[in-house]
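Me: I'd love to walk through this fold with you. Shall we take a look together?

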Amino acid sequence: MNYFIGVDVGTTSTKAVLYDDKAVVIKQFSQGYDLFRDSNGMAEQNPEAMVEAVMQVIHDAGQEIDFTTEKLLAVSFSSANQSLILLDDKFHPQSRVITWADTRARQAADELKRSPLGREMYANTGTPIHPMSPLTKLLWLKKTAPEKLEAASYFGDIKSYLFYRFFNTFKVDISIASCTGMMNINSGDWDAKALEITGVKKEQLPEIVNGTTQAIGLTDEAQAKMGIPADTPFVYGAFDGALSNLGVGAIEQDTVAITIGTSAGVRVITDHPVIDPQERLFCYAVDNGLWVVGGPLNNGGHVYQWAVHHLVTPSAVRNEKTDPFTLANHVIEGEPTGANGLIFLPFLGGERAPLWDANARGTFFGLNNLHTRGDMLRAVMEGINMNIATVFYAVRDLVGTPKSVTATGGFARAEVWRQMLADVLNCPVNIPESFESGCLGAITMAMKSLGMVDDLSAVKNYIGEEKSYTPNPEAVEIYSKYLPLFQQVEGLLTPAYSTIAKLQQK
């Protein structure tokens, strides 16, 4: 038997999925690490801990393979995007990994966004101006810690660093490069203006390669710790959002992929770059001839977790003899659509798309003395979905009305979430059987790299069954009234977000 290993390098853990050569899941492995939040806005990782975690999960997956009679065809990578790590002349880390979730570049992002150059940078790179991007992180460091920039010889991300540790080669796939705000989306190379304003030289950045590019020849240390053959091809892959689209078969312009995990994302694959005149959406390269257009949202499942924690009482959980989330979902199913006139703006962690405002804050609007905990729980779930809908409609406006939505993530395990999403979007929603879409997307890229498939659309052969949800006309009618109000309140409160954020910081 032949195998693939799909690796997904995330914000708090790395996961590996062992597949056979028909893309059937054999076993999964996971290894966690800390996310450091030592100061306001910080969100950093220890690069060494991440290297060890990746090697460990690959080692554990490899233990399932009998290398005397079986073969590991390739290891392929999905990873979180928009990380930054400073390296010295021997590629030793001079910083921790500054992740996408780090917001300390807020002021640098605000200044760039307000300047005429901000619009130019967005048009050149397809990356919205926001503290998440390595572009704004570099501008922040240039202003607040110029000595660190001057001391660094190279600037990478977690994937380019991993591949350097494994192969002594400093390269990055075009997908990850495209998310940095430093790559020109038209040329596919590092953008001259981005280099100029950050003071970074092109030779200090990784070489940009296609996602199907292979690295072969593990270092002795990496091979010993992973316990797999040194000549195993490692395929660069892409960033997690793009591979989630691929892994659910949403690789054509008529299918939108939505992921709702801790955060959320709305994405559609196109065959040409699409830049949003209103700067609400990103446009990133996926691979040769493929781009992904969409928006990431900070506020997904973690907002619902917050609501359940504060609104579901321990005594109710004990009385019902169930867990808090099952109980909350049951309560929400019994509440009317529209939560009896209560709207929730779910911006507990600032917001990326469509606001791109790290200062955004959450709000219950319309609250009166007749509302109950059940109303509030339903309003929270509806607010998360209506926020997703604002990005969905922005995508629709740019690339056309989709035929369907394919949705994945932790939310997809609950029926009430699935139906509500279809109702809010007024679009059929399909839920695939497999939840490991990122790793499946990664091994599909490996299959293409090895010449086993001609086109990435072959992934549709491996997805398995889907369950479909059609919009409920009565609910659609109600949400058609609530969604414009949601957006109106959002617009009215936007000017006040920076003020409340400053008061909270004090």
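**The sheet and its surroundings**

Reply: Happily! In this predicted model, six strands make up an open sheet of mixed pairing, ordered β3-β2-β1-β5-β12-β11.

Me: Which strands stand at the edges of the sheet?

Reply: An edge strand has a single partner, so one side of it is left without a neighbour in the sheet. That applies to residues 25-32 and 214-215, which are β3 and β11.

Me: In β5, which residue is the bridge partner of G6?

Reply: Strand β1 (residues 2-9) and strand β5 (residues 71-79) run parallel and are joined by eight bridges. Within β5, G6 has as its bridge partner S76.

Me: What angle does helix α10 make with β12?

Reply: Helix α10 (residues 240-247) packs on the sheet, where it touches β1, β5 and β12 (234-239). Its direction and that of β12 differ by about 95 degrees.

Me: Which residue caps the N-terminal end of α13?

Reply: Helix α13 covers residues 324-333, with L327, A328, N329 and I332 buried. Those buried residues pack against α11, α12, α14 and α15. At the N-terminal end, a side-chain oxygen lies 3.0 Å from the backbone nitrogen of F325, and the capping residue is D323.

Me: Is K321 buried or exposed?

Reply: K321 sits in the loop between α12 and α13, and its phi is near 55 degrees, a positive value in a residue other than glycine. Exposed means over 50% relative accessible area. K321 has 77% relative accessibility, so it counts as exposed.

Definitions and conventions: Residues numbered from 1 in each chain as written. Predicted model: local features only at pLDDT ≥ 70, side-chain atom pairs only at ≥ 80, totals over all residues. Heavy atoms only, no water. Pairing = 2+ DSSP bridges. Helix = DSSP H or I, 4+ residues; strand = E, 2+ residues; numbered from the N terminus. Contact = heavy atoms within 4.5 Å. Axes fitted to C-alpha atoms, helices over the stretch in contact; angles between N-to-C directions. Buried < 20%, exposed > 50% of the residue type's maximum accessible area, 1.4 Å probe, protein only. Polar contact = N/O pair within 3.5 Å; in protein donor to acceptor, adjacent residues only side chain to side chain.
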